[in-house]
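Student: I've got a structure open and I'd like to take a close look at one part of it. Could you walk me through it slowly?

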Amino acid sequence: MAKPLSNLLSRGITGLSAARSNRNVAGSFYNNVQRYSTTVPKDPDTHEDFQPNNKFESSDLSLKDIVEQDVKGNPVMIYMKGVPDVPQCGFSALAVRILKQYNTPLSARNILENPELKSAVKSFSNWPTFPQIFIKGEFVGGSDIIMDMHQNGELKEMLQDTAAANEKSN
């Protein structure tokens with residue numbers, strides 16, 4: 001009797017930790033302020049105040065304009081799978097880990113939240129893969145290029161004044 005009960009408890013605890021590790025968190029960062037949202041479809045039984053909303057739909061700007069504003073308005077902009085605190089792929093995680101070493105303000109958008117945004121970023125940069133990193137309004141590349149630049153010192157040089165400005169503002 002004790003053995004089946006312990007097996008059941010063991011399976012329940014294992015299942016619980018597996019369920020927690022598979023949680024899918026979607027979100028975006030806007031000027032270093034985190035906003036999590038849900039990708040659950042609108043439920044007719046839920047009051048409209050609690051239904052998920054899409055900032056892109058309520059904006060008069062086209063997605064191309066939004067991408068352009070992001071790139072020009074942020075010293076470092078990364079379009080990635082997931083968010084910097086919870087990357088959804090290894091390449092995005094690597095890029096964030098490298099960029100955080102330079103103490104520079106990092107702005108990001110989660111391309112998994114909106115397939116149209118993903119397409120708009122691809123056409124804006126003319127680059128097919130993610131993450132896509134823009135520094136001072138210029139498309140730099142993905143995690144492999146950032147890694148090479150980090151290793152040869154180019155990234156430090158490129159981010160030097162943005163890190164200095166961030167330290168002065170803090």
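Which residues does leucine 112 touch, not counting residues up to four places away in sequence?

Tutor: Keep in mind that this is a predicted model. Leaving out residues up to four places away in sequence, leucine 112 touches Lys81, Gly82 and Gln88. To find leucine 112, look in the loop between β6 and α5. Another residue to pick out here is valine 83, which is 29 residues away from leucine 112 along the chain, with 9.7 Å between the two C-alpha atoms. As for how covered up leucine 112 is, its relative accessible area is 46%, so it counts as partly exposed.

Now step back along the chain into β6, the strand that covers residues 107-110. Serine 107 belongs to that strand. Its relative accessible area is 4%, and since buried means under 20%, serine 107 is buried. The side chain of serine 107 makes a polar contact of 3.0 Å with the side chain of asparagine 74.

Let's follow that contact to its other end. Asparagine 74 sits in the loop between α3 (63-73) and β3 (76-80). Asparagine 74 has a relative accessibility of 9%, so this residue counts as buried too. There's also a backbone atom to check: the backbone oxygen of aspartate 70 is 2.8 Å from a polar atom of the asparagine 74 side chain.

Going back from β6 in the other direction, you reach the loop between α4 and β6, where asparagine 103 lies. Asparagine 103 isn't a glycine, yet its phi is positive, at about 50 degrees. That's worth a pause because most residues other than glycine have a negative phi. With a relative accessible area of 36%, asparagine 103 is partly exposed.

Before that loop comes helix α4, so let's look at how it packs. Two packed helices are described by the angle between their axes and the distance between the axes. Here the partners are α4 (residues 90-100) and α6 (residues 143-152), whose axes come within 9 Å and cross at roughly 30 degrees. Angles under 35 degrees count as roughly parallel, so that's the label for α4 and α6. Their crossing is left-handed. On the α4 side, the contact is made by Phe91, Leu94, Ala95 and Ile98, and on the α6 side by Ser143, Ile146, Met147 and His150. Sort the residues of this contact by type and you get six nonpolar, two polar and no charged.

There are two more backbone spots to visit. One is the cis peptide bond between phenylalanine 130 and proline 131, with omega at about 10 degrees. Proline 131 is in the loop between α5 (115-125) and β7 (132-135). The other is lysine 136, in the loop between β7 and β8 (138-141). Lysine 136 has a positive phi of about 50 degrees without being a glycine, and its relative accessible area of 42% makes it partly exposed.

Finally, zoom out to the whole chain. You'll find seven helices and eight strands. Of the 170 residues, 34% are buried. Among contacts with a separation of 6 or more, 61% are between residues 24 or more positions apart.

Technical notes. Residues numbered from 1 in each chain as written. Predicted model: local features only at pLDDT ≥ 70, side-chain atom pairs only at ≥ 80, totals over all residues. Heavy atoms only, no water. Helix = DSSP H or I, 4+ residues; strand = E, 2+ residues; numbered from the N terminus. Buried < 20%, exposed > 50% of the residue type's maximum accessible area, 1.4 Å probe, protein only. Polar contact = N/O pair within 3.5 Å; in protein donor to acceptor, adjacent residues only side chain to side chain. Axes fitted to C-alpha atoms, helices over the stretch in contact; angles between N-to-C directions. Parallel < 35°, antiparallel > 145°, perpendicular 65-115°, else oblique. Left-handed = near helix turned anticlockwise from the far one by under 90°. Contact = heavy atoms within 4.5 Å. Nonpolar A, V, L, I, M, F, W, Y, C, P; charged D, E, K, R; others polar.
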